[in-house]
Amino acid sequence: MALLKLYLDEMVPVDLALILKPYGYDVLSAKDAGMLGKSDSEQLIFSTLHGRAILTFNISDFTRLHKSWLIGNKLHKGIIVSPEIKITELIRLALQLLSVTRDGEIDNQLRFLQEFQ
């Protein structure tokens, strides 16, 4: 099964994508995708259309979006939320997430990055 592809919304530091790419992970930032300033809904639609789980620090808004998508029977590739954390911890947890999660395993789920200790 293919590796999880990740999309970082604009709240997540672009540096994370730059650090993860040399490890062979497919990570796209909102900045690189030209999605800065877009709404949370647009971010989720973009990540879904491009087959990517989204990583965000915006827990409350993306929890609401996830629930509304479930109610509307809309499918997404996964939403991973986290409180804002130091970049070193973000890198560690993201590497752990990407090393244990394959494409399709978190489809339509809302997960906390901290689950991937």
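Let us start in the middle of the sheet, where L6 has A53 in β3 as its bridge partner. This is one of the places to look at in a predicted model, and it leads straight into the pairing of the strands. Three bridges join β1 to β3, and the two strands run parallel. Moving on from β3, another three bridges connect it to β4, again in parallel; here I54 stands opposite I79 in β4. From β4, which covers residues 79-81, three bridges lead on to β5, and this pair is parallel too. I79 turns up again at this step, with L110 as its bridge partner in β5.

Put together, these pairings belong to an open sheet of five strands, ordered β2-β1-β3-β4-β5, with parallel pairing. The edges are taken by β2 (27-29) and β5 (110-112); each has a single partner strand, so one side of each is left without a neighbour in the sheet. On average, and ignoring direction, neighbouring strands are turned by 25 degrees against each other.

Now take a closer look at β3. In a regular strand the side chains alternate between the two faces of the sheet. In β3, A53 and L55 point one way while I54 and T56 point the other way, and all of them are buried.

That brings us to the interior. The largest nonpolar core has 22 residues, and L6, L8, L16, V27, L55 and I80 are the ones that touch the most other members. Two or more residues each come from β1 (6-8), α1 (14-20), β3 (53-56) and α4 (87-100). Of these, α4 gives the most, with six residues. There is also a second, separate core of 12 residues, with L44, F46, F62 and V81 included.

I80 is a good residue to click on if you want to see how the pieces meet. Beyond its neighbours within four places in sequence, I80 is in contact with A53, I54, L55 and T56, with L6, L97 and I106, and with R111, F112 and L113.

What about the edge strand? L110 is found in β5, and at 23% relative accessibility it counts as partly exposed, because buried would require under 20%. Leaving aside neighbours within four places in sequence, L110 is in contact with F62, T63, H66, I79 and V81. The C-alpha atoms of L110 and L65 are separated by 9.9 Å, although their positions lie 45 residues apart along the chain.

L65 takes us to a pair of helices. Helix α2 (residues 40-49) and helix α3 (residues 59-71) pack at an angle of about 60 degrees, their axes 10 Å apart. The two helices are therefore oblique to each other, and α2 passes α3 in a right-handed crossing. On the α2 side the meeting residues are D40, S41, Q43, L44, I45 and T48, and on the α3 side they are D61, F62, L65 and W69.

Finally, visit V100, which sits in helix α4. V100 is partly exposed, with a relative accessible area of 44%. Apart from neighbours within four places in sequence, its contacts are E105 and F116. The C-alpha atoms of V100 and L4, 96 residues apart along the chain, are separated by 9.1 Å.

Key. Residues are numbered from 1 along each chain as its sequence is written. This is a predicted model: local features need pLDDT of at least 70, side-chain atom pairs count only at pLDDT 80 or more; totals for chains, interfaces and linings use all residues. Side-chain values use heavy atoms; hydrogens and water are left out. Two strands pair if DSSP finds at least two bridges between them. Helices (H or I, at least four residues) and strands (E, at least two) are DSSP runs, numbered from the N terminus. Axes are lines fitted to C-alpha atoms, for helices over the stretch in contact, and angles run from 0 to 180 degrees between N-to-C directions. A nonpolar core is a set of buried Ala, Val, Leu, Ile, Met, Phe, Trp, Tyr and Cys residues joined through side-chain atoms within 4.5 Å. Buried means under 20% relative accessible area, exposed over 50%, partly exposed in between (1.4 Å probe, protein chains only). Contact means heavy atoms within 4.5 Å. Angles under 35 degrees count as roughly parallel, over 145 as roughly antiparallel, 65 to 115 as roughly perpendicular and the rest as oblique. A crossing is left-handed if the near helix is turned anticlockwise from the far one by less than a right angle, and right-handed if clockwise.
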